[in-house]
Amino acid sequence: MKNVPIGQYMVNNGIITEEQLQNVLDAKKNDNTPGKFFGDYVIELGYVTDVQFGQVLSRKQGIPFVDLDDPETPIDVEAVKKIPEAQAKKHTIIAIKITGKRLTVASYDPVNFYIFEDIKVITGMDVVPVLATKAAITKAIGKIYSNANVGNVIDAVEGQFQQEEMDADAQEIADRVDNAPIVKLCTTIVENSFRADATDIHIEPFASFTRIRIRVNGDLIELMNVSNVVHNSLITRIKIISGMNIAEKRVPQDGRFSQVVDGTKLDVRVSNLPTVNGEKCVIRILATGDVGVRKITDLGMTDYNYDRFSKLIKVPQGVMLVTGPTGSGKTTTLYAALGELAKPNVNVITCEDPVEKNIEGINQCQINDKAGMTFAAALRSILRQDPDIVMVGEMRDQETAEIAIRAAITGHMVLSTLHTNDAASTVTRLVDMGVAPYMVATSLIGIVAQRLCKVVCSECKTPRASTIEDNQLLGIDETQAITVYDSSGCPKCNNTGYSGRTAIHEILLCTPNMASLIAADGKTDQIAALAREEGCKLLRDNVAELVIEGRTTMDELVKLTFAV
């Protein structure tokens, strides 16, 4: 079987069909990009994931497969150091283990013996090849080599700027920051933050040091501290690359830049704020077009909520709102819905601030308030573009809300977001904004309220019996103790006690009874009561299920849904 081409091997084993094989071969024939293999095309077309393809290749070639993305896979840092970073990046390989005089090396092309001969000469060791995905190797190279270099970078920067005067001329600092160490430090901070799955970076100046923290799973954790003599130069470097005025230190400024990390292009937004000790900088790492849009089946919904959500997006016209606080995954849910709705026979137009992901087949508009391209102005123009589906990034004011609702009444499907605490209060918020209750009742399809709930680490979670107070919060029999889990902390979860997040949802459907209540100017508690009667599971019900299943903690339930 070793001599059978990999495509035919996959067909023989029922992994892809003959038709899919032909599609891959056609794509390969029409695209002569150097360095691209059969596997790259079969993964791009979505027939298998990179891990699945790696496992198939492993079986065919009889070479062990290792999943470097799995936290359980040990990587020996001493082994990594055996291969210089330049060589590792050039060949996309990484050493993972030393056994006597043998060096185990992960490669996505383990039959390329020329590479291993080079490594044998460099290290003076016998090389044992194993197979890994290209993306996982690239990520591991970036993470491990940069972690090893970060201390050296900070030392070099601090040594260089030890003599810096805190009130130095802006142009003098600008000249200094063009040198390698400060550039390297700035790049390293963004790289390490992205690899830690951070959403924000906070660079905070204090009297004696500068603290750099990152937001991971909703919590701020410390990344590093640097000497305050570096602070001005670091901020100036960030201001230069994000297009800000480096001479202006008295007023807040905003900017943005792009950076490629491990093959992924990041869109980075920057906000600068003058404080008593210097300028505080917050960097938001946005999901980009390089990161695939999630399907609606990947949103973490329960089967019950998924059925309700599927009904919402089947309605041909009306307004569907996704609500929640900043950073609760509203845009991800909207993009998933758009991905489901964007068929070749419909015209989909969005107006967003900013456009976070580029979606094939959808017309996306960027809001620019300074140029007069507001949500309301964009929406008016979009309605003259013969749309079927319109997405409005956010209903910020009465004008935008009224135009969107009128668009829904005139036969369009409108998707948008709003900052409210739950589904029921969204209706009263629209009425408070100045939209007539009868218009809300006529146009509304449904409301999805959501939050992101941290998932407790499976390795270190500690079980205990629930208390009476716990049972009251969970809404179960007070006398019946169940097993709940507390977070603890271990190396796998970076001592946070949690690994990743999942979404919890509350989906209100605008039934005829609900529409009648809204038109009669029903209050929030009346709307919430009717929604529960009609089967709407509240956010607390959702997170209580996760606690009972052992996927999250009572602390998270209280943090997300506690009310007086």
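Author: Let's start with a term: helix angles under 35 degrees count as roughly parallel, over 145 as roughly antiparallel, 65 to 115 as roughly perpendicular and the rest as oblique. This is a predicted model, where local features need pLDDT of at least 70, side-chain atom pairs count only at pLDDT 80 or more, and totals for chains, interfaces and linings use all residues. Residues are numbered from 1 along each chain as its sequence is written, and side-chain values use heavy atoms, without hydrogens and water.

Reader: At roughly what angle do the axes of helix α14 and helix α15 cross?

Author: Axes are lines fitted to C-alpha atoms, for helices over the stretch in contact, and angles run from 0 to 180 degrees between N-to-C directions. Helices (H or I, at least four residues) and strands (E, at least two) are DSSP runs, numbered from the N terminus. Here the axes of α14 (residues 375-382) and α15 (residues 398-409) cross at roughly 20 degrees and come within 8 Å. The two helices are therefore roughly parallel to each other.

Reader: Thanks! Now the sheet: in what order do the 6 strands come?

Author: Strands of a sheet pair through backbone hydrogen bonds, either parallel or antiparallel. Two strands pair if DSSP finds at least two bridges between them. In this open sheet the order is β6-β5-β4-β9-β8-β7, with antiparallel pairing. At the edges stand β6 (219-227) and β7 (253-261), each with a single partner strand, so one side of each has no neighbour in the sheet.

Reader: How many bridges join β4 to β5?

Author: Strand β4 (residues 200-205) is joined to β5 (residues 209-216) by 6 bridges. Look for Ile 201, whose bridge partner in β5 is Ile 214.
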